[in-house]
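The following report introduces a protein chain to a reader who has not met it before. It begins with the vocabulary of strand pairing and then moves through the parts of the chain.

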Amino acid sequence: MQVVVARIGKPHGIRGEVTVQLFTDAPQERFARGEVLGIENFKPGSAAASVAPTGELTVAGARWNKKILVVRFDEVTTRNQAEELRGSRLVYEVPEDEGDEEGFYEQELVNLPVYLLADVPEGESPVDNPAVGKPLGKVTGLQTMPVQDLLLIKLARSPRLASGAGEEIMIPFVEEIVPEVVPSTEDEPGFVLLTPPAGLIDLVEDAEQDSAQATEQAGE
């Protein structure tokens, strides 16, 4: 499985170094000297192909400039070459026997529907469950941070929301707030369950929710 570990940003200096936006909590491993990373959705003939014809980049070195990681690749020696790679997302091939037992990759999370744990009957899936209703929103990304990761969620039009439909919010990706994540499989759709503390999401009271759901069902 391929996982996105970073996105190449601005060139840094004139010798081909680039800044990267990290999507991994193990930058020391992924950007160790000699590591080979692929370019996501690589296409021959693209701007990136003029710098990395094989679609791969070999790490020559990495260093921190304040809180930004600056990376050198063997294939990139000029600022112009670095500019050609700007915006490229770098992927790492995860061996089948290398699991991430304590976390999730962004690819596993994006587009998963999000529900409130309190609304889901114990032991049941919330997806397409009439007893649960529509999801609060869906996962749009994962931000890896030094202290704790953040789950990006785009809120939907849900009877559970008092306001905020269409907004993208950031939720601390900790067990107390995100107690359950079920990735999708070939046979079953996945989902995310939340137990947000008061004030994190603008929710309606239970009585208001019941009224809104009844109105919605009557109109269907």
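Two strands are said to pair if DSSP finds at least two bridges between them. Helices (H or I, at least four residues) and strands (E, at least two) are DSSP runs, numbered from the N terminus. The model is predicted: local features need pLDDT of at least 70 and side-chain atom pairs count only at pLDDT 80 or more, whereas totals for chains, interfaces and linings use all residues. Residues are numbered from 1 along each chain as its sequence is written, and side-chain values use heavy atoms, with hydrogens and water left out.

**Overview**

The chain holds 4 helices and 12 strands. Of its 220 residues, 41% count as buried, where buried means under 20% relative accessible area, exposed over 50%, and partly exposed in between (1.4 Å probe, protein chains only). A contact means heavy atoms within 4.5 Å. Among the contacts in the chain with a separation of 6 or more, 55% are made by residues 24 or more positions apart.

**The barrel**

A closed barrel is built from 6 strands in the order S1-S2-S5-S4-S3-S6, and the pairing is antiparallel. From one strand to the next, the twist averages 50°. Such angles are taken between N-to-C directions of axes, which are lines fitted to C-alpha atoms (for helices over the stretch in contact), and run from 0 to 180 degrees.

Strand S3 (residues 36-39) pairs with strand S4 (residues 56-65) in the antiparallel sense over 3 bridges. Strand S3 is also joined to S6, by 2 bridges and again antiparallel. Gly38 takes part on both sides: its bridge partner in S4 is Glu56, and in S6 it stands opposite Val91.

Thr19 offers a view of another part of the barrel, since its place is in strand S2. Is Thr19 buried or exposed? Thr19 is buried, because its relative accessible area is 15%. Leaving aside neighbours within four places in sequence, its contacts are Arg7, Ile8, Gly9, Lys10, His12, Ile68, Leu69 and Val70.

**The open sheet**

A further 6 strands form an open sheet in the order S10-S9-S8-S7-S12-S11, with mixed pairing. Its edge strands are S10 (168-172) and S11 (180-182), each of which pairs on one side only. Neighbouring strands of this sheet are turned by 35° against each other on average, direction ignored.

Strand S7 (residues 113-116) pairs with strand S8 (residues 137-143) in the antiparallel sense through 2 bridges, whereas 3 bridges join S7 to S12 in the parallel sense. Strand S12 (residues 191-194) is also joined to S11, antiparallel, by 3 bridges. Val192 in S12 is the bridge partner of Val114 and also of Val181.

The bridge partners named in this report are collected below.

| Residue | Partner and its strand |
|---|---|
| Val36 | Thr58 in S4 |
| Gly38 | Glu56 in S4 |
| Gly38 | Val91 in S6 |
| Pro113 | Lys138 in S8 |
| Val114 | Val192 in S12 |
| Val181 | Val192 in S12 |

In a regular strand the side chains alternate between the two faces of the sheet. In S7 both faces are covered: Pro113 and Tyr115 on one side, and Val114 and Leu116 on the other, are all buried.

The loop between S7 and S8 contains Val132. Val132 is buried, because its relative accessible area is 6%. Its C-alpha atom is separated by 5.8 Å from that of Asp119, 13 residues apart along the chain.

**Cores and rings**

A nonpolar core is a set of buried Ala, Val, Leu, Ile, Met, Phe, Trp, Tyr and Cys residues joined through side-chain atoms within 4.5 Å. The largest core has 25 residues, of which Phe31, Leu57, Phe73 and Leu90 touch the most other members. Two or more residues each come from S1 (2-12), S2 (17-22), S3, S4, S5 (68-73) and S6 (89-93). The largest share, 4 residues, comes from S1.

Not counting residues up to four places away in sequence, Phe31 touches Val5, Ala6, Leu22, Leu37, Val59, Ala62, Leu69, Val71 and Leu90. A second, separate core of 20 residues includes Leu136, Leu155, Ile169 and Val178.

Arg30 lies over the face of Tyr92, at 3.8 Å from the ring centre; the criterion is NZ of Lys or CZ of Arg within 6 Å of the ring centre and within 35 degrees of the ring normal.
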